[in-house]
Every structure is written in C-alpha cells, then in structure tokens.
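Me: I should like to study a protein structure together with its ligand. Please take me through it by question and answer.

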Amino acid sequence: MNIGDRLNKELRTIVDFPKPGIMFKDITPVLENPSLCRDLVEVLRDSASDLNIDAVVGIESRGFLFGLPLALELEVPFIPIRKKGKLPYKTVSYAYDLEYGSATIEMHQNTIQNNWNVLVHDDLLATGGTAKAAAELVKMEGGKIAGFSFLIGLNFLGGKEALSTYSKNIFSIKEY
Ligand code: AMP
C-alpha cells in the first residue's frame, strides 16, 4: 500500500466537527502508529530535499507534530507559529480573515535570517488562509517561501490556488 493510502487508512473522519458541515480529519490515530509516522516524516523530507531549506515553520498546534521531526531530518531550525498571546518573547503578528471574524498568529522576532528559504508546514491544507498568514509572517521577517508541506490536502477547498502566489511547491502526502 502506498503512503497516501496508509495515511488515509489511519485517519479518522469526524462529521460536523467542530461545527456543522466540516468533515474533520483527526490525525491522532496516525500518531499511535510509529512506523507510519516515521515513513510520513521521510516522505515530507524527500519532498523538500531539493529546496535548499534553511528553516521549517510549523503552525500551531498540529503543525508541530511533524514539523519538528521534519526540521530534524532536514537539519535546520524549527520555528513555531502560534495563536496570539502564546509566545513569551518579542513577536511579529499577522491578522487574517476567517469565515466568521478574524484570527491573529504570531512568531518570535529575529528567528528568520534575511533571504532564508523557509518551508511552511501544517497537518492539513483546507482554504489556505492559515498557511497564507504564516507565509506573510515569514516574509515580514525577511524570509523567502521555498514551499509548503502538509500531510493532507483538501484540494476541493482551493488552498493550492490561494498559496500559488507564494510558491509553486505545495506538497500534500494525501490529497482529497
Ligand atoms: P485553512 O486555513 O482553511 O487552510 O485551514 C487549515 C487549518 O485548519 C489547519 O491548521 C488545520 O489543522 C485546520 N483544519 C481545517 N479544516 C480541517 C479539517 N477538515 N480537518 C482537520 N483540520 C482542519
């Protein structure tokens, strides 16, 4: 079985969570399968190995789970992006629109050096709003977007199109 099918088999889909109309992809069963996790990290690493990555940025909170092991594999720094108010030191912030209301994400200042090639990682790509906001933070700090990587891409929600102005390297292990 290929890696996308193995991932698909372990994902739990919860209908109408956290609100009606959402098919939530729960990755917690995946985390209970160490050999699958190891293989997923390898596939993420291989997808980025030609991109000359200087740092991996991971988006709270599920983007931390595979983002740090991916950074370790690439032997580059891992930089967390968190929701407003969670990071303790000096931060840069970016506010973006959600379907209802808005959200703000933050990253510590001076973690990215000028012209670094940065890979943005999260567990899942839906509309692309979150990854786009992360890309804006990276750019504000002088980094370049080398690409995006996800475990899961819900392509019917248009995330790839939303991110394509930042980079053409948009990789998801399992696409729907
Ligand atoms: P978006 O900004 O619309 O691309 O949404 C991506 C973010 O929301 C990621 O951090 C995901 O973890 C989370 N997310 C959005 N839709 C889902 C879903 N159907 N299942 C699991 N997580 C989701």
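The questions below concern this predicted model, beginning with its ligand and ending with its backbone.

Me: How many residues surround the ligand, and which are the closest?
Reply: A residue counts here when one of its heavy atoms lies within 4 Å of the ligand. The shell found in this way has 14 residues. The closest of them are D122, D123, T127, G128 and T130.

Me: Which residue has a polar backbone atom 2.7 Å from an oxygen atom of the ligand?
Reply: Two residues reach ligand oxygen atoms through their side chains instead. A polar side-chain atom of D122 lies 2.7 Å from such an atom, and one of T127 lies 2.5 Å from such an atom. The residue that uses a polar backbone atom, at 2.7 Å, is G128.

Me: What percentage of the ligand's accessible area does the protein cover?
Reply: The contact of G128 with a ligand oxygen atom spans 2.7 Å. On its own, the ligand has 480 Å² of accessible area, and the part of this that the protein covers is 82%.

Me: Which helix supplies at least two residues of the shell around the ligand?
Reply: By class, this shell has 6 nonpolar, 4 polar and 4 charged residues. Two strands, β2 (23-26) and β7 (117-125), each supply at least two residues of the shell. The helix that also does so is α5 (129-140).

Me: Where does the ligand sit, and how much space lies there?
Reply: The ligand sits in the largest pocket. The lining of this pocket has 37 residues, and R62, L98, L124, A126 and T130 lie nearest its centre. The space in the largest pocket is about 1,300 Å³.

Me: Which element gives the largest share of the lining of the largest pocket?
Reply: The lining divides into 20 nonpolar, 7 polar and 10 charged residues. The elements β2, β4 (78-83), β5 (91-97), β6 (102-108), β7 and α5 each supply at least two residues of this lining. The largest share, 4 residues, comes from β7.

Me: Which residue is joined to S61 by a cis peptide bond?
Reply: Most peptide bonds are trans. One cis bond joins F17 and P18, with omega about -5 degrees, and P18 lies in the loop between β1 (12-15) and β2. S61 is in the loop between β3 (55-59) and α4 (62-74). With omega about -15 degrees, the cis partner of S61 is E60.

Me: Is phi of N52 positive or negative, and near what value?
Reply: Most residues other than glycine have a negative phi. N52 is found in the loop between α3 (34-48) and β3. Its phi is positive, near 55 degrees.

Conventions: Residues are numbered from 1 along each chain as its sequence is written. This is a predicted model: local features need pLDDT of at least 70, side-chain atom pairs count only at pLDDT 80 or more; totals for chains, interfaces and linings use all residues. Side-chain values use heavy atoms; hydrogens and water are left out. A polar contact is a pair of N or O atoms within 3.5 Å; within protein, one must be able to donate a hydrogen and the other to accept it, and residues adjacent in sequence count only if both atoms are side-chain atoms. Accessible areas come from the Shrake-Rupley method with a 1.4 Å probe; for residues, only the protein chains shown count as cover. On a 1 Å grid over the protein atoms alone, a cavity is a set of points where a 1.4 Å probe fits but cannot get out, and a pocket is an open set with protein on both sides within 12 Å along at least five of seven lines; lining residues have an atom within 4 Å of a point. A molecule sits in a cavity or pocket if more than half of its atoms lie within 2 Å of its grid points. Ala, Val, Leu, Ile, Met, Phe, Trp, Tyr, Cys and Pro count as nonpolar, Asp, Glu, Lys and Arg as charged, and the others, Gly among them, as polar. Grid points are joined across faces, edges and corners, and a volume is the space filled by probe spheres set on the points.
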